[in-house]
Amino acid sequence: MPAAAAALTVLALALASAALAGNGGLAPPDAESPNAEGINQTYYFILAFTGVIFVLVEGLLLLFVFRFRRGRRSREAEGPQIRGNTRLELIWTLLPVLILVAIGGFVFYKLPGIQNVPSANAQGGRLDVTVEGHRYYWEYRYPNGVVAVDRMRAPVGQNVQLTLVAPVDDVIHSWWIPALGGKLDTIPGQTNRTWFRARRSGTFVGQCAEFCGIQHAAMLAAVEVMPREEFEQWLASEERAQRTGSSMLGADTWAGACAKCHGQNAQGGIGPTLVGNGAFRDREALEAIVRQGQGEMPPIGQTWDDRQVDALYRYVRREFGSGGGTGGG
Ligand code: HEC
Ligand SMILES: [Cu+2]
């Protein structure tokens, strides 16, 4: 009895913490995009079958364990000898077949809505964003040349096509924002496509879902969804700012691409401290090291345009170039 009480207590504690987590850790986050909705519906459809089967099988198991336990019967007592039961055998053959057909049918019915990117002519038009997986950050490119790191901005209610790529000398990463659908790999040398159409404004977070190396855990992603007008304004003003070199791209690139290994204040971490480093006063040297890597440092900036190198250079020279360092913040 004490054992059972202990087991019950542990179970109660486990359930309590799971309940606090919102949905018991059982359910995916609420879908904020039609493709995520399709994934969630498929999940619940399959969960219904597996849930019923689980309860049925485990229930029968318990029932049989107690109902047919040996008790006082002798070890040698023979049970009834049963050979075949056509009806039962038909049921346990046909029922799983029907269940699998139902699940397969549902999945194939839902799949196009999950997988197929709405056409560019769809109502409301379509925004195309390239998502590039790097060690250990996400680089986004908008059609007008704007670049962003880790945090993507997107309009509410509009189809957004994501073209998922990775540089040839990088590794496989996986794009995954659960509320907006996914997940899909970024594979060096290959192109994958997925999409979302956010239902509301808000920030939806996710992370790289492929174990990609030492800072995989820091490879977080966020999609900030805002009203379309606000988004268009941001995109236009950011284009101007990046063209004239007054944007936050340098700071964002430092925080997303460099700080994960060198520390936000260049104080060092996985990579050495860089405060006062000569490369921060020599654009050519900086460009060479971020494009080609060095030793254990991957060539993480191999796909950047000059604007991004310039932006980073301006930022690191100002923040860490002079030795003392004012700290990034
Ligand atoms: C994956 C971790 C990682 C990332 C990301 C990373 N570095 Fe490094 N970095 C290193 C390591 C490790 C070294 C030491 C390389 C070696 O073995 O010589 C290094 C070396 C350097 C050096 C040369 C230090 C010296 O004096 O020899 C510079 C400059 C540098 N990194 C700048 C950057 C910048 C700028 C970024 C962002 C664009 C960046 N690193 C991103 C890991 C990283
Ligand atoms: Cu990754």
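1. The largest pocket of this predicted model holds about 570 Å³ of space. Of the 25 residues in its lining, His262, Gly271, Pro272, Met297 and Pro298 are the closest to the centre of the pocket. By class, the lining of the largest pocket consists of 19 nonpolar, four polar and two charged residues.

2. Several helices contribute to this lining. At least two residues of the lining of the largest pocket come from each of α5 (249-262), α6 (283-292) and α7 (306-320). Helix α5 gives the most, with five residues. In terms of domains, domain 1 (126-244) and domain 2 (249-320) each provide at least three residues of the lining of the largest pocket.

3. Which residues coordinate the iron atom of ligand 1? They are His262, through its NE2 atom, and Met297, through its SD atom, at 2.0 to 2.1 Å. Both residues have appeared above, since His262 and Met297 are among the residues closest to the centre of the largest pocket. The arrangement around the iron atom of ligand 1 is octahedral, because its six donor atoms subtend angles of 86 to 179°. For comparison, the ideal angles for six octahedral donors are 90 or 180 degrees.

4. The two iron-coordinating residues deserve a separate look. His262 belongs to helix α5, while Met297 lies in the loop between α6 and α7, so the pair ties together parts that are 35 residues apart in sequence. His262 counts as buried because its relative accessibility is 10%, a value below the cut-off of 20%. Met297, with a relative accessible area of 24%, is partly exposed.

5. The copper ion (ligand 2) has its own set of donors. It is coordinated at 2.1 to 2.5 Å by His173 (ND1), Cys208 (SG), Cys212 (SG) and Met219 (SD). The angles among the four donor atoms of the copper ion (ligand 2) run from 91 to 123°, and the site is tetrahedral. The ideal angle for four tetrahedral donors is 109.5 degrees. Along the chain, the donors of the copper ion (ligand 2) follow the spacing H-x34-C-x3-C-x6-M.

6. Two of these copper donors can be placed with respect to the strands. Cys208 and Met219 are eleven residues apart, and each is in the loop between β9 (202-207) and β10 (220-226). Are Cys208 and Met219 buried or exposed? Both are buried.

7. The second largest pocket contains about 200 Å³ of space. It is lined by 13 residues, and those nearest its centre are Arg153, Trp234, Glu238, Met248 and Asp252. Two or more residues of this lining come from each of β3 (147-149), β4 (151-155), α4 (228-244) and α5. The largest share, four residues, is supplied by α4. The lining of the second largest pocket divides into seven nonpolar, two polar and four charged residues.

8. Helix α5 recurs in these points. It gives five residues to the lining of the largest pocket, and it is also among the elements that give two or more residues to the lining of the second largest pocket. The iron-coordinating residue His262 lies in this helix as well.

9. Some backbone features should be noted. Most residues other than glycine have a negative phi, and most peptide bonds are trans. The peptide bond from Arg135 to Tyr136 is cis, with omega near 0°. Tyr136 is located in the loop between β1 (126-134) and β2 (137-141).

10. Two residues other than glycine have a positive phi. For Asp150 the value is about 65°, and for Ala266 it is near 60°. Asp150 sits in the loop between β3 and β4, whereas Ala266 sits in the loop between α5 and α6. Asp150 counts as buried because its relative accessibility is 15%, and Ala266, at 0%, also counts as buried.

11. A final point concerns Ser201, which is in the loop between β8 (192-196) and β9. Ser201 is partly exposed, because its relative accessible area is 34%, a value between the cut-offs of 20% and 50%. Ser201 and Pro227 are 26 residues apart along the chain, and their C-alpha atoms are separated by 6.6 Å.

How values were computed
Residues are numbered from 1 along each chain as its sequence is written. Chains are lettered from A and ligands numbered from 1 in the order in which they are written. This is a predicted model: local features need pLDDT of at least 70, side-chain atom pairs count only at pLDDT 80 or more; totals for chains, interfaces and linings use all residues. Side-chain values use heavy atoms; hydrogens and water are left out. Donors are N, O and S atoms within 2.8 Å of the metal (3.2 Å for Na, K and Ca); water is not among the atoms, so sites may look incomplete. Four donors count as tetrahedral if all angles lie between 85 and 135 degrees; four count as square planar and six as octahedral if opposite donors are over 155 degrees apart and all others between 65 and 115; anything else is irregular. Buried means under 20% relative accessible area, exposed over 50%, partly exposed in between (1.4 Å probe, protein chains only). On a 1 Å grid over the protein atoms alone, a cavity is a set of points where a 1.4 Å probe fits but cannot get out, and a pocket is an open set with protein on both sides within 12 Å along at least five of seven lines; lining residues have an atom within 4 Å of a point. Grid points are joined across faces, edges and corners, and a volume is the space filled by probe spheres set on the points. Ala, Val, Leu, Ile, Met, Phe, Trp, Tyr, Cys and Pro count as nonpolar, Asp, Glu, Lys and Arg as charged, and the others, Gly among them, as polar. Domain bounds come from an automatic or database domain assignment.
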